[in-house]
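Hi everyone, thanks for coming. I'd like to walk you through a structure that's probably new to most of you, so let's put it on the screen.

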Amino acid sequence: MARVEFKNVVKEYVDPKRGKFTAVTGSDFVINDKEFVVFVGPSGCGKSTSLRMMAGLERQTSGDIIIGDRVVNDMHPKDRDIAMVFQDYALYPHMTIKENLSFGLKNLKRPKAEIESKVKDAAAILGLEEMMDRKPSELSGGQRQRVAVGRAIVRDPKVFLFDEPLSNLDAKLRVQLRVELAELHKRLGATIVYVTHDQVEAMTLGERIVVMNKGAIQQIASPTELYNKPNNMFVAGFIGSPAMNFIDTRIEGGKAVIEGASFALTDAMAAALKNYEGKEVVMGIRPEHIYGDDFAPNVSKDHTLQAQIQVIENLGAENLLYFRIGSRMITARVNPETEARVGQMKTFVVDRSKLTFFDPKTEVRIPY
Ligand code: ATP
């Protein structure tokens, strides 16, 4: 069983400038056999450190790491039955592609026929057959990354670990390789742990996503659940592009009151916000849940606000309209047929059923 478990894993570094610094504050999770799990978060959040501890490239300060059914705390990376793919490919420049693919198995002194057959299969899966005799310098970035993946595949590991494998590629190639990786996962039925700072990559690849910030896991959930039920304002703001809007709001007499507008709460919202009567909350609304009143086909027009359009970004398939509520800049993601001019006072329709509320002190979502 290729599962990976962290039990209260902590990593501290002693840094000459910062002193003792906790990069991972105490992680607990189980990655199931055959699951594709993505770690995502801003730079420095501890996601690479988590992956490197799984690989055995860093020793955790405390806690247990389990791969399969073995505690691997003190096990050397090569004995962990994992294969890691790095951002910079880490290919041997003087070797051909075929030699690069064979190298690991030769080191393990596997029979020649087995090496031949595994390398051939990996090359076929990744479309590398035509370039087996070339050197890495004669390959494009995308092809090199395929070789790096191939080198992991031939080892037939329990777990694949990917550390930002696509970040050196241009945008178009990234999308293409993202699709290839998703297909590869289905085909191999392998357990994959994947680190990225790109939330789109996380949402499209991960069956479950681990969102980290400042060394701490903020939420572990499926992409849909993260999007619809974020644990807190960090997750709500990090997942989704453009980001969720946050609006300072007061709960008064069963209404959510913002500058210039108020929305009647549903019964479920009112019940959840009972203890906030007369108090401040933060209201979250995603840009796609704000419509121009002239183009809001499937949404009740009972809940509106008026604002002056500050900026328009025309993206072709959709337009982004920016306006202010109080000091906050708000984004609406609207159908391009929506009438909009910079400076125009516009009536916007808000899909009330999609409102999300957060406690302003703890920043935790108030569930309803
Ligand atoms: P990035 O996307 O920038 O790689 P990350 O989320 O992967 O970020 P980590 O590489 O896990 O972040 O680093 C987490 C924190 O630990 C950072 O603040 C980093 O500076 C620190 N750190 C990492 N390695 C060391 C080290 N060897 N010594 C001291 N501090 C380190």
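**Two domains and some salt bridges**

Let me start with one residue. Arg59 is partly exposed, with a relative accessible area of 40%. Before I say what Arg59 pairs with, keep in mind that this is a predicted model.

Okay, the partner. Arg59 and Asp74 meet through their side chains in a salt bridge, at 2.9 Å from N to O. Where do the two sit? Arg59 is in the loop between helix H1 (47-55) and strand S4 (62-67), and Asp74 is in the loop between strand S5 (70-71) and strand S6 (82-85), so this pair ties together parts that are 15 residues apart in sequence. Asp74 itself is exposed, at 64% relative accessible area.

Now let's step back to the layout. The domain assignment splits the protein into domain 1, residues 4-238, and domain 2, residues 245-358. Their centres, taken over C-alpha atoms, are 39 Å apart.

So how do the two domains touch? On the domain 1 side, six residues are in contact with five residues of domain 2. Between them the domains bury about 600 Å², and 63% of that is on carbon and sulfur atoms. Which residues of domain 1 lose the most area there? Those are Tyr227, Met233 and Ala236, which together make up 81% of what that side buries.

What about charges across that interface? The rule finds zero salt bridges there, but it does find two residue pairs in polar contact. Helix H7 (223-228) and helix H8 (233-238) each supply at least two residues to the domain 1 side, with H8 giving the largest share, three residues. Sorted by class, that side has four nonpolar residues, two polar ones and no charged ones.

Next, a helix within domain 1. In helix H2, residues 97-107, the buried residues are Ile97, Asn100, Leu101, Ser102 and Leu105. Here's the bit of background that helps: an α-helix has 3.6 residues a turn, so residues three or four places apart point the same way. What do the buried residues of H2 pack against? Helix H3 (112-126) and helix H4 (141-154). And after H2 comes Lys109, with a positive phi, near 55°.

Back to salt bridges, then. How many does the structure hold? The count is 21. I've picked out two more for you.

One is Asp248 with Arg328, where the closest N and O atoms are 2.8 Å apart. Asp248 is in strand S11 (residues 245-252) and Arg328 in strand S18 (residues 328-334), so the pair ties together parts that are 80 residues apart in sequence. Asp248 counts as partly exposed at 41% relative accessibility, and Arg328 is partly exposed too, at 28%.

The other is Lys346 with Asp294, with 2.9 Å between the closest N and O atoms. This pair also links distant parts of the chain, 52 residues apart: Lys346 is in strand S19 (residues 345-350), while Asp294 is in the loop between strand S15 (290-292) and strand S16 (304-314). Is Lys346 buried or exposed? Lys346 is buried, with a relative accessible area of 3%, whereas Asp294 is partly exposed at 38%.

One last thing to look for: Lys11, Arg52 and Glu58 are joined into one network by salt bridges that share partners. That's my tour, thanks for listening.

Technical notes: Residues are numbered from 1 along each chain as its sequence is written. This is a predicted model: local features need pLDDT of at least 70, side-chain atom pairs count only at pLDDT 80 or more; totals for chains, interfaces and linings use all residues. Side-chain values use heavy atoms; hydrogens and water are left out. Domain bounds come from an automatic or database domain assignment. Contact means heavy atoms within 4.5 Å. Buried area is the accessible area (1.4 Å probe) that two parts lose on being put together, summed over both. A salt bridge is a side-chain nitrogen of Lys or Arg within 4 Å of a carboxyl oxygen of Asp or Glu. A polar contact is a pair of N or O atoms within 3.5 Å; within protein, one must be able to donate a hydrogen and the other to accept it, and residues adjacent in sequence count only if both atoms are side-chain atoms. Helices (H or I, at least four residues) and strands (E, at least two) are DSSP runs, numbered from the N terminus. Ala, Val, Leu, Ile, Met, Phe, Trp, Tyr, Cys and Pro count as nonpolar, Asp, Glu, Lys and Arg as charged, and the others, Gly among them, as polar. Buried means under 20% relative accessible area, exposed over 50%, partly exposed in between (1.4 Å probe, protein chains only).
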